[in-house]
Amino acid sequence: MQTSWVPFVPPSASTLSGKLDALYFYLSGVTIFFTLLISGVLIFFVIKYRRRTPWEIPRPVAGSHKLETLWSVIPFIIAMSMFVWGAQLFFEQSRPPNNAVEVYVVGKQWMWKIQHSTGQREINELHVPAGRKIKLIMTTEDVIHDFFIPAFRIKADVIPGRYTTQWFEATKPGSYYLFCAEYCGMNHSGMIGSVVVMEPTEFDDWLGGNASQQSPAVAGQQLYETLGCVSCHGAAGEGGRGPALAGLFGRQVFLSNGQTVKADEAYIRESVVNPQAKLVAGFGPIMPTFQGQVSEEQLMQILAFIKSLQIQTPGAPGPGPAATPGAVASPTTNTRSRGR
Ligand SMILES: [Cu+2]
């Protein structure tokens with residue numbers, strides 16, 4: 001029902017939104033309580049201790065350790081409760097669960113380009129199922145944008161040359177606003193879209209109805225072949241001139257400068273556009289840069305392909321050390337995981 005009231009908070013439609021609102025109401029409540037208390041006491045004292053005659057001299061006031069301790073300890077406890085509660089929600093929000101379904105987002109003046117891990121593409125629309133965890137892997141082709149879904153209480157900057165991630169689990173089917181929340185040029189205010197939350201079965205039908213598109217991992221494999229990556233980076237280490245790619249994602253990588261890095265999204269992107277930045281131990285600086293030759297969307301496809309390469313060793317499913325020789329699984333056309 002439509003009312004003429006300006007809503008105090010946006011609609012609440014994710015597992016996070018209720019928790020975040022509770023913290024927000026707590027902060028507002030504490031603020032209102034102390035504003036009223038301090039103003040009330042101030043007015044009361046101003047009246048009670050007003051100067052009644054022109055020659056009145058006030059009595060000297062002695063300090064009180066008991067009072068000072070009390071008004072230090074109580075605010076400390078209140079401030080720490082805000083900090084602990086806020087930090088706990090921050091960590092929950094900034095660590096995507098491992099079983100989340102991945103969706104790739106590329107910002108561009110002035111639209112959001114979205115691709116599901118099963119291949120479906122959307123512009124300024126994001127269809128998601130209710131009750132499933134969704135992880136957004138986001139970057140931009142041009143300037144800084146900011147991916148903001150008020151109903152889910154999530155918002156993160158989308159930065160050129162970097163990947164940022166955020167996640168959510170929608171709870172209520174419906175259509176919700178999607179905004180760009182970072183001024184990004186003339187048509188910034190038009191960079192609006194919608195998130196359509198569907199019942200899981202309805203969502204599966206939607207996916208089925210749009211199934212003709214290629215998955216990012218398969219598109220990434222084609223790029224891996226056409227760009228000639230395959231001649232040095234045999235997926236299981238053959239070729240020998242470049243490090244093996246199978247099982248790379250998420251693993252620790254030893255560098256020629258003695259450091260170790262985790263092969264995450266940012267590392268893989270950097271290794272394609274600026275290969276000399278972090279040289280893998282045991283390999284020479286022979287790889288050319290692919291900066292300018294691959295778009296942000298193509299970089300995400302290459303990333304999806306590398307993620308899909310798992311080492312299959314008997315008795316040890318999942319990624320393992322690259323030194324272990326094993327068969328390499330090629331990406332399937334449907335890499336959707338049914339994480340819950
Ligand atoms: Cu924008």
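Trainee: In what order do the five strands of the open sheet lie?
Mentor: This is a predicted model. Its open sheet has five strands with mixed pairing. The twist averages 25 degrees from one strand to the next. The order is β3-β2-β1-β5-β8.

Trainee: Which strands stand at the edges of the sheet?
Mentor: Look for strands with a single partner. One side of such a strand is left without a neighbour in the sheet. That applies to β3 (121-123) and β8 (164-169).

Trainee: In which sense do β2 and β3 pair?
Mentor: Strand β2 covers residues 111-116. Q115 stands opposite R121 in β3. Three bridges join β2 and β3, and the sense is antiparallel.

Trainee: Which helix lies across β1, β2, β3 and β5?
Mentor: Take β1 (101-108) as the reference strand. The helix runs at about 165 degrees to β1. Its residues are 296-308, and its name is α6.

Trainee: Which residues are the protein donors of the copper ion?
Mentor: The donor atoms lie 2.0 to 2.6 Å from the ion. Along the chain, the donors follow the spacing H-x34-C-x3-C-x6-M. They are H145 (ND1), C180 (SG), C184 (SG) and M191 (SD).

Trainee: How many residues apart in sequence are the parts that H145 and C180 tie together?
Mentor: H145 lies in strand β6 (residues 145-149). C180 lies in strand β9 (residues 174-180). The pair therefore ties together parts that are apart in sequence by 35 residues.

Trainee: What is the geometry of the copper ion's site?
Mentor: Four donor atoms define the site, with angles of 92 to 127 degrees among them. The tetrahedral class needs all angles between 85 and 135 degrees. So the site fits that class by the cut-off: tetrahedral.

Trainee: Is H145 buried or exposed?
Mentor: The cut-off for buried is under 20% relative accessible area. C180 has 8% and is buried. C184 has 4% and is buried. H145 has 0% relative accessibility, so it counts as buried.

Trainee: How many disulfides does the structure hold?
Mentor: A disulfide needs a pair of cysteine sulfur atoms within 2.5 Å. C180 and C184 each give an SG atom to the copper ion. The count of disulfides in the structure is zero.

Trainee: How many of the nine residues of helix α5 are buried?
Mentor: Helix α5 spans residues 265-273 and is largely enclosed by the rest of the structure. Its cover includes β5, β11 (252-254), β12 (260-262) and α6. The buried residues are E265, Y267, I268, R269, S271, V272 and V273. The count is seven.

How values were computed:
Residues numbered from 1 in each chain as written. Predicted model: local features only at pLDDT ≥ 70, side-chain atom pairs only at ≥ 80, totals over all residues. Heavy atoms only, no water. Pairing = 2+ DSSP bridges. Helix = DSSP H or I, 4+ residues; strand = E, 2+ residues; numbered from the N terminus. Axes fitted to C-alpha atoms, helices over the stretch in contact; angles between N-to-C directions. Contact = heavy atoms within 4.5 Å. Donors = N, O, S within 2.8 Å, 3.2 Å for Na, K, Ca; no water. Tetrahedral: all angles 85-135°; square planar, octahedral: opposite > 155°, others 65-115°. Buried < 20%, exposed > 50% of the residue type's maximum accessible area, 1.4 Å probe, protein only.
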